[in-house]
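Subject: Structure for your files, with notes

Dear colleague,

I am handing over the structure below, and my notes on it follow directly after. Please read them with the coordinates open beside you.

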Amino acid sequence: MAAQATDAGHMARAIELARRGLFTTDPNPRVGCVIADGERVIAEGWHEKAGLPHAEVLALTAAGDAARGATAYVTLEPCSHFGRTPPCADALVEAGIGRLVYAMKDPNPRVNGAGIARLTAAGIAVTGGVLEQESQELNPGFISRMTRGQPWVTVKLAASLDGGTALPGGESHWITGEAAREDVQRLRARSSAVMTGSGTVLADDPRLDVRLPGATRQPLRVVLDSKLRIPATARILAPPGHALVLCTDEDAGRASAIRSAGAEVVRLPSSGGSVDLAAALALLADRQVNELLVECGAGLAGAFFAAGLVDELRLYIAPMLLGRGARPLADLEAPASMAERLEFSIVERQDVGKDLMLRLRPRR
């Protein structure tokens, strides 16, 4: 039991280290590493950015000769292939690590199990599954892209106590308070891409960029605009960062104007007159988008829910009433019976300033 507690303690620290890369490692997973001798920590490392050394290499470098015979705690199975950096499994073997403890297997088909096999073949004792769920929660998008071929989709919505997102005339500035809006900034900062619809762009002209102090990476901004209705002057197309407009009918003149503004235009299949959402997600996965944040109106939110493509709902509830005729949270057909209703599990609830934040996942 004491050994298990020691393993859990060091892995908890490795996960804490991995969280430091929450906003910076994309499209790589967030990974932390601790090298220890019993309860004594020898060295630590965490992956900061794609192309830079992985967590294991940084920890091994810090440990030096003291790594020989020690135990390495890693939140993700060490890689076994050459990418932008050499295989971490080889580095661990060469350093003389005596034991490896990992939280979760790497879902990347190029690795899955191969890193463990290489370590085992070198005579290194391997223990897996320590704080596995906590590690998985750090990398839902990377796991989703590797196993399902699509990003992890989070829909962000803000509503009043009676479920309204705007007054009947469309006014919604601001439903939630400053603390909630700052929380959304952090949500954007960890996302690979932020998506909205042309209706939201035409109505609100949002930027959907990250404005946190010290932000070093902007998510890809994606607009679903089947008929290319948005103007080339839309703020979402302007720097910083890169914008991608997905359409079904590529009018040459409008497409040219949007491209001149610095954005990319890609034509995709249509579904019911709109951009096919599954095709859009597949395209984004091909572009290494791990986590997709959807910030949109009721129409697009309803389409994502109806298609069963929402992995998580981030809902901010403001302590106010908007009354009769307020615009709804999501435009959805009513179920034929209560047995067919869309239900959610509450994963997290938190007071954010004056508002309540609920993190929910559909019960599939």
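Arginine 359 is found in strand E16, which covers residues 355-362, and in this predicted model the residue counts as buried because its relative accessibility is 14%, under the 20% that sets the limit for that class. Leaving aside neighbours within four places in sequence, arginine 359 is in contact with Glu137, with Glu312, Leu313 and Arg314, and with Ser345, Ile346, Val347 and Glu348. One of these partners, glutamate 312, is joined to arginine 359 by a polar contact of 3.2 Å between the side chains. The C-alpha atom of arginine 359 also lies 6.3 Å from that of arginine 349, a residue 10 places away along the chain.

Glutamate 312 has a further partner in arginine 361, with which it forms a salt bridge whose closest N and O atoms are 2.8 Å apart. This pair links distant parts of the chain, since glutamate 312 sits in strand E14 and arginine 361 in strand E16, 49 residues apart, and both residues are buried. Taken more widely, Glu137, Glu312, Glu348, Arg359 and Arg361 are linked in a network of salt bridges.

The strands that carry these residues belong to an open sheet of 9 strands with mixed pairing, in the order E10-E9-E8-E7-E13-E6-E14-E16-E15. Its edges are strand E10 (264-267) and strand E15 (344-352), each of which pairs on one side only, and the twist averages 25° from one strand to the next. Within the sheet, strand E6 (residues 152-160) and strand E14 (residues 312-318) pair in the parallel sense over 7 bridges, and the bridge partner of lysine 156 in E14 is arginine 314. Helix H6 (residues 140-148) packs on the sheet, where it touches E6 and strand E13 (291-295), and the direction of the helix makes about 130° with that of E6.

A second helix that I looked at is H7, residues 178-190, whose 13 residues should span 18 Å at 1.5 Å a residue; the end C-alpha atoms are 19 Å apart, which agrees. Among the residues of H7 that are buried are Ala180, Val184, Leu187 and Ala189, and also the charged Asp183, Arg188 and Arg190. Glutamate 182 and arginine 186 meet in a salt bridge through their side chains, at 3.4 Å from N to O, and because they are 4 residues apart in helix H7, they are separated by about one helical turn. Glutamate 182 counts as partly exposed because its relative accessibility is 41%, and arginine 186, at 34%, likewise counts as partly exposed.

What is the distance between the closest N and O atoms in the salt bridge of glutamate 250 with arginine 259? Those atoms are 2.8 Å apart. Here glutamate 250 is partly exposed, with a relative accessible area of 33%, and arginine 259 counts as partly exposed at 39% relative accessibility, whereas glutamate 312 and arginine 361 are both buried. Over the whole model, the count comes to 26 salt bridges.

With best regards

Notes
Residues are numbered from 1 along each chain as its sequence is written. This is a predicted model: local features need pLDDT of at least 70, side-chain atom pairs count only at pLDDT 80 or more; totals for chains, interfaces and linings use all residues. Side-chain values use heavy atoms; hydrogens and water are left out. Two strands pair if DSSP finds at least two bridges between them. Helices (H or I, at least four residues) and strands (E, at least two) are DSSP runs, numbered from the N terminus. Axes are lines fitted to C-alpha atoms, for helices over the stretch in contact, and angles run from 0 to 180 degrees between N-to-C directions. Contact means heavy atoms within 4.5 Å. The expected span of a helix is 1.5 Å times one less than its number of residues. Buried means under 20% relative accessible area, exposed over 50%, partly exposed in between (1.4 Å probe, protein chains only). A polar contact is a pair of N or O atoms within 3.5 Å; within protein, one must be able to donate a hydrogen and the other to accept it, and residues adjacent in sequence count only if both atoms are side-chain atoms. A salt bridge is a side-chain nitrogen of Lys or Arg within 4 Å of a carboxyl oxygen of Asp or Glu.
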